[in-house]
Amino acid sequence: MAQPLVKKDDDRDDGMDYSPFMGIEKGAVLQEARVFNDPQLDARRCSQVITKLLYLLNQGETFAKVEATGVFFSVTKLFQSKDIGLRRMVYLIIKELSPSADEVIIVTSSLMKDMNSRTDMYRANAIRVLCRITDGTLLTQIERYLKQAIVDKNPVVASAALVSGIHLLQTNPEIVKRWSNEVQEAVQSRAALVQFHALALLHQIRQNDRLAVSKLVTSLTKGSVRSPLAQCLLIRYTSQVIRESGISQTGDRPFYDYLESCLRHKAEMVIFEAARAITELSGVTTRELTPAITVLQLFLSSSKPVLRFAAVRTLNKVAMTHPMAVTNCNIDMESLISDQNRSIATLAITTLLKTGNESSVDRLMKQITNFMSDIADEFKIVVVEAIRSLCLKFPLKYRSLMNFLSNILREEGGFEYKKAIVDSIVILIRDIPDAKEGGLLHLCEFIEDCEFTYLSTQILHFLGNEGPKTSDPSKYIRYIYNRVILENATVRASAVSTLAKFGALVDSLKPRIFVLLKRCLFDSDDEVRDRATLYLNTLGGDGAVVETDEEVKEFLFGSLGVPLTNLETSLKNYEPSEEPFDIHSVPKEVKSQPLAEKKAPGKKPTGLAAPPVAPTSTVDAYERLLSSIPEFSSYGKLFKSSAPVELTEAETEYAVNVVKHIFDSHIVFQYNCTNTIPEQLLENVSVIVDASEAEEFSEVASKPLKSLPYDTPGQTFVAFERPGVPAVGKFSNTLRFIVKEVDPSTGEAEDDGVEDEYQLEDLEVVSADYMLKVGVSNFRNAWESLGDDCEKVDEYGLGPMESLTEAVNAVMSLLGMQPCEGTEVVPSNSRSHTCLLSGVYIGNVKVLVRLSFGVGGPKEVAMKLAVRSEDVSVSDAIHEIVASG
């Protein structure tokens, strides 16, 4: 065997360990392998050489066919040795070398002899090796021995046969499935590992038969499983059966009693597995969660770090969906903030930030301040994201949270960490209007000493868009011009553009901006000089206090008007000539499908890249796309675009989703289509929409797609006119196209095609489509500022519901409004709740809603709905939506 680590010399560096494998080479080891051919075998020496060979193989070293064959044949001679340690090494090297079919025959007889040996260690290892290197033909010959091994009295042999069966199931499932009776018998074994491996194999044999799995779980949950490992497996299989049963009502959920009984098991791993399974049940109620939360709370004070980590990580996940259920553990988690394991401390902090109430924010901030200096950047990023979510939940606490973010922004840290903080501050500025001026000043102070060019330019760009709209824009000029003096060329150029934006929007600052821009004309970098010259000429007025033309503002703040990828392609194709490049020649149609991409669940907003709700870049892109199409250019300003709605199943021939674009008197359906068949080209692609169940809508325009090659997304559009009142309805969709066969060798399509149709899912236009989610930072002030002139109040019975949370979610989904101040979360066991919502109704009418819920008889939920808006007809419309919903 390999020699142990040698004691380090005194003059060696303390951080270095000597390794026996240091500097070994394949050629030298292959020379050493000749020792296998010695007449008098040295078992210790042979074991050391095999160890080196195994090391090389596991380090990714490749052996040529001749080399591998030579080593293999030399190793087979070692079967004559009776040394148990060497024999085990021989088994390992044969498995790793994976001999070819014609070489396997050489060792088959030796391995089969060992498989029937009286030495159990030989038998177990021989079974593992034989099953690894044999094919189906030999497997049928040794099947009888394997069946006997499964029910062998020695647990080592039985486990080896079962584990081999798990591996063989991937390559020879028909043979392994014939072992069901023996495996069923092994499940009743008293040996812990045998029971564990037998249960795993039995489940894999039956996994495609849902009824068989359900029967297996039913029989085993009655108490025949003793092994803690097998019990953990059984809990996982039970959870799978519960998920597939699709029943989530309390009391009707199958096997819940079994999971709950496992919480009282003597093995900690079983207790944790059961608690985790309960917390991950779909539609889990507070009553079902309570026993699981209780045992996890006990684990929080355990002396074992692994138990503390497992408990706090599970509670962290629960806090995302049921924050009130975790609040009882807050005191225990606060003690974990000082835990020596930084992973545990980070999870404790982030869980507390999710479950804490408004009154505990300040206390948490003090504890986190001391904690942040002790953890790595990746943990700090998690904490920063949790703080951002907390601030959006409790907007009135923005000052203390913003100050905390600005303080850690000044501390040492890497790029990703700093970017996470800057993104958080930007999102808070966008979502909480009161935080704008303070947040911008924090960002200004940061760029005074920012070492990252990317962050400096992004902050300057953001400052140019938001700074001129503040009450005193002049205070930011000093910070911006400092960048022109002190920074590199990239940041200086960005600062020049930001100055120009201030000059365009704030007429009183224009003379001072002109002076600063003229100084930039003498910059050493040509990009900075060019920008300064451009903006001086564009702003015009020779620095006088005059209003800037709208065209100049559009140039500085407007979008390019064409997709960047299309512009890049057109510029590459442009051949220099006397005629200048015409930007109007760039196609405006979007050739890729970024707008139709679905957002990954749980993904955080990316700050500078996109705001958290209705990203401006996406809205602008949709608006540019629609205004560039002549049929839709007269519809006016786009009010709202929905998230993409899938109209096809995954893995179908054609993938189609639709985006609903809402205008004042029109609605446009944008169908994003993808052809997933390489041998087909689709032409004249259109969607035929049947609006018989949406009688108030009338189709007025459509734009088919000329060509849809393989894996190249494209869009086709259908527009409807709707009456003055927001109408709802269901639309049937059929994809119609001409399909042409494509020659795989040339990639060219045939001339003749065949007309074909493909039925899509129905699409609904609902009331929530006419509401834009827009939050308010201080609901009370916004409510009072609207006044009661347009207020409408009424009461409704919502019928029997499982919980107040279900009622709140149902009404929020129906109205499509933004919850405010964290009121969408209902405290556990609460019998009454108030939820505050805000939004903008079509026609840009601001709407605020106050929902008061109460539980009456047997789960009967009543609701009082108070609506205030800028138009009394909109208040009436909200009540009509709830009454008809």
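Asn 181 and Glu 185 are exposed, on the face of helix 10 that points away from its buried side. This is a predicted model. Helix 10 spans residues 180-187, and its buried residues are Ser 180, Glu 182, Val 183, Ala 186 and Val 187. Viewed down the axis of helix 10, these buried residues fall within an arc of 160 degrees, so they line one face of the helix.

What lies over that face? Among the elements covering the buried residues of helix 10 are helix 7 (136-150) and helix 8 (155-168). The cover also includes helix 9 (173-176), helix 11 (192-206) and helix 12 (210-220).

Next, the cysteines. The search of the whole structure returns 0 disulfides. Cys 232 is in no disulfide, and its nearest cysteine sulfur belongs to Cys 262, 8.7 Å away. A disulfide requires the two sulfur atoms to be within 2.5 Å, so a pair beyond that cut-off does not count. Cys 790 is likewise in no disulfide; the nearest cysteine sulfur is that of Cys 820, at 19 Å.

Are these two cysteines buried or exposed? Cys 232 counts as buried because its relative accessibility is 9%. Cys 790 is also buried, at 17%. The table adds Asn 672.

| Residue | Relative accessibility |
|---|---|
| Cys 232 | 9% |
| Cys 790 | 17% |
| Asn 672 | 1% |

Asn 672 sits in strand 4, which covers residues 666-675. Asn 672 is buried, with a relative accessible area of 1%. Its side chain makes a polar contact with the side chain of Gln 670, at 2.8 Å.

Terms used
Residues numbered from 1 in each chain as written. Predicted model: local features only at pLDDT ≥ 70, side-chain atom pairs only at ≥ 80, totals over all residues. Heavy atoms only, no water. Buried < 20%, exposed > 50% of the residue type's maximum accessible area, 1.4 Å probe, protein only. Helix = DSSP H or I, 4+ residues; strand = E, 2+ residues; numbered from the N terminus. Polar contact = N/O pair within 3.5 Å; in protein donor to acceptor, adjacent residues only side chain to side chain. Arc of directions from axis to C-beta. Contact = heavy atoms within 4.5 Å.
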